[in-house]
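Student: I would like a close look at a single part of this model. Take the pocket that comes out largest, go through its surroundings, and state your cut-offs as you go.

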Amino acid sequence: MLDVQRYRGAIHLEEIQFTRKWMWLHMILGAVMIAMFLFHEIFRWFAGAVVWYAISLMVMYGFMNGKSLFKWLLALVYLGGAGAGVFFINRVFPAIEAPRGALIPHAVIPIWVGVGSLTYVVSALFLLCSSRVGKAAKTGFTLW
C-alpha cells in the first residue's frame, strides 16, 4: 500500500516535472512583483498583491492535490492578477507621483507590470490548454 501511494505519479513524471516548474515560476514571479510594489513605495497595491498572492497559493495547493476545479480557479486567479496589472498601468500609474527616494526609477513600473501581466496570461493559457498540466493536475503532486 505504501508503494502505491509513493509512486502514484510515476507514470506522469515528465508532466509533473513540467507543472512543478510552472508553479515555481509563479511563486518566484509573484514574490518579485510584490517586492517591486514595495520598492516603488506603492503600499496599497503592495497590500493587494500580498492578498492576491496568498489566495493564489491556497488555490495552488488545491490544484496540486489533484482537484480539477482548482485548475480553473488558478487560471482565473492568474487572469485576475493580469487584469489588475493592466488596470494599474492604464488607470493608476498615470496619477502616481514619483516618490523622492525610491529605490528603483519610477519609469520602469509599466515595464515590469506589463511583463508580469503578460506572463500570467500565458501561464493561465498553459493551465487551461496544456495536456501535460492536465495530467499532472489529475494525478496530484508536490513541489519537490
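Tutor: What follows covers the chain in outline, then the pocket, then its walls.

The model is predicted, so to speak of local features pLDDT must be at least 70, and side-chain atom pairs count only at pLDDT 80 or more, while totals for chains, interfaces and linings use all residues. Residues are numbered from 1 along each chain as its sequence is written, and side-chain values use heavy atoms, with hydrogens and water left out.

Start with the outline. The chain has 6 helices and 0 strands. Both are DSSP runs numbered from the N terminus: H or I of at least four residues for a helix, E of at least two for a strand. The pattern along the sequence reads α-α-α-α-α-α. Along the principal axes, the C-alpha atoms fill a box of roughly 60 × 25 × 20 Å. Of the 144 residues, 40% count as buried. Buried means under 20% relative accessible area, exposed means over 50%, and partly exposed lies in between (1.4 Å probe, protein chains only). The chain exposes about 8700 Å², of which carbon and sulfur atoms supply 70%. Those areas come from the Shrake-Rupley method with a 1.4 Å probe; for residues, only the protein chains shown count as cover. Contact means heavy atoms within 4.5 Å. Among contacts between residues at least 6 apart in sequence, 77% join residues at least 24 apart.

Now the pocket. On a 1 Å grid over the protein atoms alone, a pocket is an open set of points with protein on both sides within 12 Å along at least five of seven lines; a cavity is a set where a 1.4 Å probe fits but cannot get out; lining residues have an atom within 4 Å of a point. Points are joined across faces, edges and corners, and a volume is the space filled by probe spheres set on the points. The largest pocket has a volume of about 250 Å³. Its lining holds 16 residues, with Phe37, Ala49, Trp52, Gly81 and Ala84 nearest the centre. Helix 2 (13–39), helix 3 (43–64), helix 4 (68–92) and helix 5 (109–129) each give two or more residues to this lining. By class, 10 lining residues are nonpolar, 6 are polar and none is charged. Here Ala, Val, Leu, Ile, Met, Phe, Trp, Tyr, Cys and Pro count as nonpolar, Asp, Glu, Lys and Arg as charged, and the others, Gly among them, as polar.

Take the helix 2 wall. Ile34 lies in helix 2. Ile34 counts as buried because its relative accessible area is 11%. Beyond its neighbours within four places in sequence, Ile34 is in contact with Phe46, Ala49, Val50 and Tyr53. Ile34 and Phe46 are 12 residues apart along the chain, and their C-alpha atoms are separated by 5.8 Å. The loop between helix 2 and helix 3 holds Glu41. Glu41 is not a glycine, yet has a positive phi of about 60 degrees. At 38% relative accessible area, Glu41 is partly exposed.

Helix 3 comes next. Its 22 residues reach 31 Å from first C-alpha to last, close to the expected 32 Å. The expected span is 1.5 Å times one less than the number of residues. Buried residues here include Ala49, Trp52, Tyr53 and Ser56. Their cover includes helix 2, helix 4, helix 5 and helix 6. Just after helix 3, Gly66 takes a positive phi of about 90 degrees.

Then helix 4. Its 25 residues should span 36 Å, and its end C-alpha atoms are 35 Å apart, which agrees. Among its buried residues are Leu74, Ala75, Tyr78 and Ala82. An α-helix has 3.6 residues a turn, so residues three or four places apart point the same way. The buried residues of helix 4 pack against helix 2, helix 3, helix 5 and helix 6 (131–139). Ala75 counts as buried because its relative accessibility is 1%. Setting aside neighbours within four places, Ala75 is in contact with Ala124, Leu127 and Leu128. Ala75 and Ala124 are 49 residues apart in sequence but 4.5 Å apart in space, C-alpha to C-alpha.

Finally, the enclosed space. There is 1 cavity of 30 Å³ or more. The largest cavity has a volume of about 40 Å³. Trp22, Met23, Tyr78, Ser123, Phe126, Leu127 and Val133 line it. Helix 2 and helix 5 each give two or more residues to this lining, and helix 5 gives the most, with 3. By class, the cavity lining has 6 nonpolar, 1 polar and no charged residues.
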